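Biologist: Please take a close look at one part of this model, the interface between the chains. I would like the criteria stated along with the values.

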Amino acid sequence: MTRTEWSAELALPISEERDHIEGPADAPVTLVEYGDYECPYCGAAYPMVKEVQARMGDKLRFVFRNFPITTSHPHAEHAAEAAEAAAAQGRFWEMHDYLYEHQRGLTDKDLHQYAEELGLDIDRFDSELAEHVHGPRVREDFMSGVRSGVNGTPTFYVNGRRHDDSYDTETLLAALEQAKA
Amino acid sequence: MDLANDSAKATALAPGTEAPDFTLPSTPDQSVTLSEFRGQPVVLVFYPEDWSPVCSDQLALYQELLPEFQRLNAELVGISVDGIWSHLAFAKDRNLHFPLLADFEPKGEVSRRYQVYRSSDGTSERALYVVDADGIVHWSYVSPVGINPGADGILRALEELESGVTR
């Protein structure tokens, strides 16, 4: 055989300082999503992940990392930077949820409006977006995904191993329950 | 995801094999010859068809990574049996800025020489080759046709070449 096989595993370990995390650090299962805010499949996965989180409670730690494919999704990069700008003000998950709940409006004007609605320091938000302050972080997420074998969005990892099955609620739950056992 | 097609998968040319030279059209009046890239690594991306969902995701990812490939001094080309006008429309629609070569006449000839032609479907396999600066296959991989192989294998192979690792 001339094929080179490699296992698709999370190349960048989860860091409580660096990563955006919901759920306890000592949860028995960790689910990582590499996602793109403009990707319709990620939009479809969003309520499924919410459902999985609700059903697993504090048994699950959920981590989101950026994987904007700007070739296909021209607004994805700025949307990711907007979520990171919200994170800089301690409001990542609110912006994250808002973006997935308003996926069809992701122009710069929309992002500005969402930041206002969330009550962020808007001058800081606008200037960080204009200067691409969070661009390097988004790229770092993206490259960590590439090195982990992310091949499209969304890509999930269950306890560090790529989940190559469907990401509907029941399949995802089954995989997480199995990893927990 | 369709994993069922895995059984009939081809075996690509092994590392150390001389990569067969070829000339294929990239536009109606331009062509690309593999040996013209001597002196730098080349990534050959064989894919089944323009417009199919997995191909689009896979090629969009490579477009996104062009700066990384450039940093590693590598050229990247896509190859499928589609004709040149399909390639042009596809590249424009999907924002792809690397050459897509038409293995169209005689159909699939280059894919056959690289042992990645699927005669059952009349298309190429979803296969990756990294050819070194001397025109020798450094790494090859055939993915299940429904699975996007991502880019980590390509980047690893290119980094090996850059650091002088031979196989």
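Modeller: What follows covers the interface of chain B and chain A, then two local features away from that topic.

This is a predicted model, in which local features need pLDDT of at least 70 and side-chain atom pairs count only at pLDDT 80 or more, while totals for chains, interfaces and linings use all residues. Residues are numbered from 1 along each chain as its sequence is written, chains are lettered from A and ligands numbered from 1 in the order in which they are written, and side-chain values use heavy atoms, with hydrogens and water left out.

At the interface, 22 residues of chain A are in contact with 31 residues of chain B (contact means heavy atoms within 4.5 Å). The area buried between the two chains is about 2200 Å², and carbon and sulfur atoms give 52% of it; buried area is the accessible area (1.4 Å probe) that two parts lose on being put together, summed over both. On the chain B side, the residues that lose the most area to chain A are B:Glu64, B:Tyr141 and B:Asp152, together 27% of what that side buries.

The count of salt bridges between the chains is 2, a salt bridge being a side-chain nitrogen of Lys or Arg within 4 Å of a carboxyl oxygen of Asp or Glu. One of them joins the side chains of A:Arg139 and B:Glu68, at 4.0 Å from N to O. Polar contacts link 4 residue pairs across the interface, both residues at pLDDT 80 or more. A polar contact is a pair of N or O atoms within 3.5 Å; within protein, one must be able to donate a hydrogen and the other to accept it, and residues adjacent in sequence count only if both atoms are side-chain atoms.

In chain B, helix H1 (53-64), strand E9 (137-143) and helix H5 (152-162) each supply at least two residues of the side that touches chain A. Helices (H or I, at least four residues) and strands (E, at least two) are DSSP runs, numbered from the N terminus. H5(B) gives the largest share of that side, 5 residues.

As for the local features, strands E1 (residues 23-27) and E2 (residues 30-33) of chain B pair in the antiparallel sense over 4 bridges, where pairing requires that DSSP finds at least two bridges between two strands. These strands form a hairpin with 2 residues between them, and B:Thr23 has B:Thr33 in E2(B) as its bridge partner.

In chain A, A:Gln53 lies in helix H1 (residues 40-56). The side chains of A:Gln53 and A:Glu22 are joined by a polar contact of 2.8 Å.
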